[in-house]
Amino acid sequence: MQHIKNQSLVSFMVSNKEQAIQVTNPATGEVLGYAPISSEQAILDGIEQANVAQKAWAALPAKSRASMLNRWYQLLIENKEDLGRLMTLEQGKPLAEAQGEVLYGASFIEWFAEEAKRTYGETIPAPSGDKRLVTIKQPVGVACAITPWNFPIAMITRKAAPALAAGCSFIVKPAELTPLSAFAVAELAYQAGIPRQVLQVVLGESAPLVGGIFTSHPLIRKLSFTGSTQVGSVLMQQSAHDIKRTSMELGGNAPFIVFEDADIDAAVVGAMASKFRNAGQTCVCANRFYVHSKVYDEFVTKFDAAVQQLKVGNGLEEGVNIGPVISAAAKQNIQSLIDRAIEQGAQPVSELQRLDGLFMQPVVLKGVTHDMDIVSQEIFGPVAPVIAFNDDEQLIEMANDTIYGLASYFYSQNIHRVWKIAEALEYGMVGINEGMISTEVAPFGGVKQSGIGREGAKQGIDEYLDVKYLCFGGN
Ligand code: SIN
């Protein structure tokens, strides 16, 4: 691949198209290359090897695992430009955003390299004088993950880094649409000294086949998944058979609320950051805007003016803020949500242009009501439906009226309202006067059908650790 300076990053690519997945650039349709597929037997062998290697990996002092993770982190930083370019080519997000994701992805490795040394147990005051009670934390064993195409690096490192830090071995199946970044970051892990059996990237004949192996293999003790609620539910059901631990980071339907006492200019900045990151293709993207009727017109006018400044195009081009959406099916789904909303009475604030290929013009829709289809569906595209509201109680009912509970956002300058609303929103994460909430130092995750478990922060490593209670008698 001629665009990449450090050719070791793409050394995994194969020319045998029979046992490979063809990867294309969503901006141009051009074939980028072929990522290797493992046979079912090779995946099963890999799991056996991961199981053997995990024992030696866990036996290393935490400091040794931490220094390899630190080296891996450094290598991501050193290769930020190449990794960013590779990501833009296969995923479509603008280069600056892709490089931002490399840093975001690297931040989880740095964070969990530090946390590796802090997996403390406890001493517990015993109920009788002859006993001493303590807990220790131990790695769950072989952990595996299935990751999405929208964050081809960060969603892997957010799982791999805590797993490796905890002393687990880790096998990931990346999205078939964006495997190149996954193999490239794994290559850097090997260069950092992490053994190939301890960290594996696998693609199989099909996603359900790999999912089936991950959820049924007795040596796999943990599955972490980021993706749709529908697939997450199937994986949880399959994992229930032999009681595997699971972490699920699933769909969202984030409300973005602007109260009448909000700083409207700040709310517009937050709305842009929250809605249009990755062309609207994140689980935490604002999905529906509720704006108090007293400030509705002002917000809509200013928001749309900012949206009209966005430049849509190939993410490698200078100044582009919105790349293509990931696939023709995704585009069709987003377009039909827009069309249906318009049929139901919504109006685009500015003229809506239909673009070629996988590109979509970002649009603000006004005159939207809470009962429209676009409000209850996860849009996953550059569309911002804006609904008017009049009182806080009605607002909270509408904001919580969803099966999802991942991220939510609101803007208000009234401290009493801020606490009340923050507590009333049934979401795992709340941005208050802030549209960008993701960071490695805070627990990321949802409630309701948005998932189970937390990623990042001090909580993230517990997903890969078992607590063992030791009772010392006869003292
Ligand atoms: C996601 O869309 O699943 C992750 C978004 C983030 O980490 O901010």
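Alanine 145 sits across from valine 172 of β6. That pair belongs to the parallel match between strand β5 (residues 142-146) and strand β6 (residues 169-173), which are joined by five bridges. Strands here are DSSP E runs of at least two residues, helices are H or I runs of at least four, and both are numbered from the N terminus; two strands pair if DSSP finds at least two bridges between them. The model is a predicted one, where local features need pLDDT of at least 70 and side-chain atom pairs count only at pLDDT 80 or more, while totals for chains, interfaces and linings use all residues. Residues are numbered from 1 along each chain as its sequence is written, and side-chain values use heavy atoms, with hydrogens and water left out.

Zooming out, β5 and β6 are part of an open six-stranded sheet with mixed pairing, in the order β7-β6-β5-β8-β9-β17. At the edges stand β7 (199-201) and β17 (451-452); each has a single partner strand, so one side of each lacks a neighbour in the sheet. In general, strands of a sheet pair through backbone hydrogen bonds, either parallel or antiparallel.

Antiparallel pairing turns up around β4. Strand β3 (residues 122-124) pairs with strand β4 (residues 132-139) in that sense over three bridges, with isoleucine 124 opposite leucine 133 of β4. β4 also runs antiparallel to strand β18 (residues 465-472), and eight bridges join the two. Valine 134 has leucine 470 as its bridge partner in β18.

Back in the six-stranded sheet, strand β8 (residues 220-226) holds arginine 221. Arginine 221 counts as partly exposed because its relative accessibility is 31%; the cut-offs are under 20% relative accessible area for buried and over 50% for exposed, with partly exposed in between (1.4 Å probe, protein chains only). Leaving aside residues up to four places away in sequence, arginine 221 touches Val140, Val142, Asp242, Ile243, Lys244 and Arg245, a contact being heavy atoms within 4.5 Å. The side chain of arginine 221 also reaches the backbone oxygen of isoleucine 243 at 3.5 Å.

On the helical side, α2 (residues 62-78) has 17 residues, which at 1.5 Å a residue should span 24 Å; its end C-alpha atoms are 24 Å apart, in agreement. (The expected span is 1.5 Å times one less than the number of residues.) Its buried residues are Arg65, Ala66, Met68, Leu69, Trp72, Tyr73, Leu75 and Leu76. These pack against α1 (40-59), α3 (80-91), α4 (95-115), α5 (154-166), α6 (179-191) and β7. Helix α4 is also home to glutamine 99, which is buried because its relative accessible area is 17%. Glutamine 99 touches Lys80, Glu81 and Gly84, again not counting residues up to four places away in sequence.

At the level of the whole protein, the domain assignment gives domain 1 (7-251 + 449-471) and domain 2 (254-401 + 407-439), with bounds that come from an automatic or database assignment. The contact between them takes 22 residues from domain 1 and 22 residues from domain 2. Taken over C-alpha atoms, the centres of domain 1 and domain 2 are 31 Å apart. Together the two domains bury about 1800 Å², 63% of it on carbon and sulfur atoms; buried area is the accessible area (1.4 Å probe) that two parts lose on being put together, summed over both. Pro26, Pro94 and Trp149 supply 25% of the area that domain 1 buries against domain 2, more than any other three residues.

How values were computed. A polar contact is a pair of N or O atoms within 3.5 Å; within protein, one must be able to donate a hydrogen and the other to accept it, and residues adjacent in sequence count only if both atoms are side-chain atoms.
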